[in-house]
Amino acid sequence: MNILVCVKQVPDTTEIKINYETNTLIREGVPSIVNPFDAYALEIAVRIKEKHGGTVTVLSMGPEQAKAALKECLSVGADNAYLLSDRAFGGSDTLATSYILSSAIKSLGEFDLILCGKQAIDGDTAQVGPEIAEHLGLPQVTYVLDADISEDKLSVKKETETGYEMIETSMPAVLTVVKTAFEPRMASVKAKIAANRKPISVITSQDIEIDLTRAGLKGSPTKVKKTFTPPMKGDSLIIKEDTAEASVRKLVSILDEKSII
C-alpha cells in the first residue's frame with residue numbers, strides 16, 4: 001500500500017486572535033499544532049500500513065515553520081514528508097490550495113489511497129479534500145470513521161446523522177476523516193529524535209507541473225472581505241428535556257406563548 005496523507009499546521013484554536021484591519025488570523029506568537037482531523041487521518045493510514053505493509057507519505061503546504069508539523073507526523077509512523085512552499089502559493093483559497101496539492105501529488109507518483117482531515121480547524125470549510133479528489137478524478141468518501149482493505153477493495157466506515165454506514169470502493173480513492181473512536185498515537189522520545197534526523201523535501205512551483213494563474217491570490221476566486229464576532233443579542237434560553245420530542249414540544253409552547261408562531 002502506498003498511502004498519502006495531506007496535513008496542515010494550524011494555530012491552536014484556544015489562542016486564536018483576529019486582526020480586524022486585515023481580516024486575517026494573528027499567527028505571530030500563537031502555538032501551532034497538526035490539524036486534529038489530519039492527525040486522525042494519519043492514524044488510520046499508519047494502521048493500514050501496519051496491517052498490510054507499504055509506506056505512508058505526508059504532504060503539507062505552508063511556510064518553513066510547517067516542517068515542525070511534518071516532523072511530528074514522522075514521529076508517529078509516517079515514512080516520508082514533503083513541504084510545498086513557494087511565495088507564489090501565498091493567499092490561496094481552498095480551490096487554489098487543492099489545485100496546488102493535487103499538482104504536487106501527481107509529481108510524487110501513484111498512491112493507492114489519499115487521506116485528508118475532514119476540515120482544518122482554522123478555516124472549517126471542509127472543501128480541500130473533496131476538491132483534491134475532483135482534480136485527480138478519483139472516487140471519494142467523506143466523514144470517514146475508519147477504513148481497511150478487504151480483497152483488493154477499500155472498506156470504509158462512514159459517519160451519518162443516525163450512526164454509520166459501510167461503503168466499498170475501488171482504489172485509488174480519497175477519504176476525508178472525522179474524529180475517530182481511537183485517539184492518534186503519541187510519539188516516544190526515541191521516535192521524536194529519529195524524526196528530527198529525517199530529511200523533509202521542499203517542493204516549489206519549479207518542481208511541479210502547475211499553472212500559476214490558478215494559484216495564490218490571482219488564482220483564488222473567493223476573498224475574505226470582513227471578519228467579525230457577531231454581537232450578543234439579548235439572553236438565550238437552553239431547552240433540554242429528556243427526549244428530542246419533548247424539547248421540541250417545549251420550544252413550540254414557548255414560541256406560541258410569545259405569539260411568535
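This text walks through a predicted model, from its sheet to a helix and then to a pocket.

Start with the sheet. Nine strands make it up, and the sheet is open. Read across, their order is S11-S10-S9-S12-S8-S1-S6-S7-S13. The pairing is mixed. In general, strands of a sheet pair through backbone hydrogen bonds, either parallel or antiparallel. The edges here are strand S11 (163-169) and strand S13 (201-203). Each has a single partner strand, so one side of each is left without a neighbour in the sheet. From one strand to the next, the twist averages 30°.

Now look at how helix H2 sits against this sheet. H2 packs on the sheet and touches strand S6 (55-61), strand S7 (80-84) and S13. The direction of H2 makes about 165° with that of S7.

Two strand pairs show the two senses of pairing. Strand S1 (residues 2-6) and strand S8 (residues 113-117) pair in the parallel sense. Four bridges link S1 and S8. In this pair, isoleucine 3 stands opposite leucine 113 in S8. Strand S10 (residues 153-160) and S11 run antiparallel, joined by seven bridges. Leucine 154 stands opposite threonine 169 in S11. S10 and S11 form a hairpin, with two residues between them.

Next, pick out one residue in a helix. Serine 107 belongs to helix H3 (residues 94-108). Is serine 107 buried or exposed? Its relative accessible area is 39%. Buried would need under 20% and exposed over 50%, so serine 107 counts as partly exposed. Serine 107 and leucine 4 are 103 residues apart along the chain. Their C-alpha atoms are separated by 13 Å.

Finally, turn to the empty space. Rolling a probe the size of a water molecule over the atoms shows where such space is left. The second largest pocket has a volume of about 400 Å³. It is lined by 18 residues. Closest to its centre are Ala39, Glu72, Pro184, Arg185 and Met186.

Which elements supply this lining? Strand S5 (32-34), helix H1 (36-52) and helix H2 (67-75) each give at least two residues to the lining of the second largest pocket. H1 provides the largest share, six residues. H2 thus appears twice in this account: H2 touches strands of the sheet, and H2 supplies residues to the pocket lining. What is the lining's chemical make-up, polar, nonpolar or charged? Of the lining residues, 11 are nonpolar, six are charged and one is polar.

Methods:
Residues are numbered from 1 along each chain as its sequence is written. This is a predicted model: local features need pLDDT of at least 70, side-chain atom pairs count only at pLDDT 80 or more; totals for chains, interfaces and linings use all residues. Side-chain values use heavy atoms; hydrogens and water are left out. On a 1 Å grid over the protein atoms alone, a cavity is a set of points where a 1.4 Å probe fits but cannot get out, and a pocket is an open set with protein on both sides within 12 Å along at least five of seven lines; lining residues have an atom within 4 Å of a point. Grid points are joined across faces, edges and corners, and a volume is the space filled by probe spheres set on the points. Ala, Val, Leu, Ile, Met, Phe, Trp, Tyr, Cys and Pro count as nonpolar, Asp, Glu, Lys and Arg as charged, and the others, Gly among them, as polar. Two strands pair if DSSP finds at least two bridges between them. Axes are lines fitted to C-alpha atoms, for helices over the stretch in contact, and angles run from 0 to 180 degrees between N-to-C directions. Contact means heavy atoms within 4.5 Å. Buried means under 20% relative accessible area, exposed over 50%, partly exposed in between (1.4 Å probe, protein chains only).
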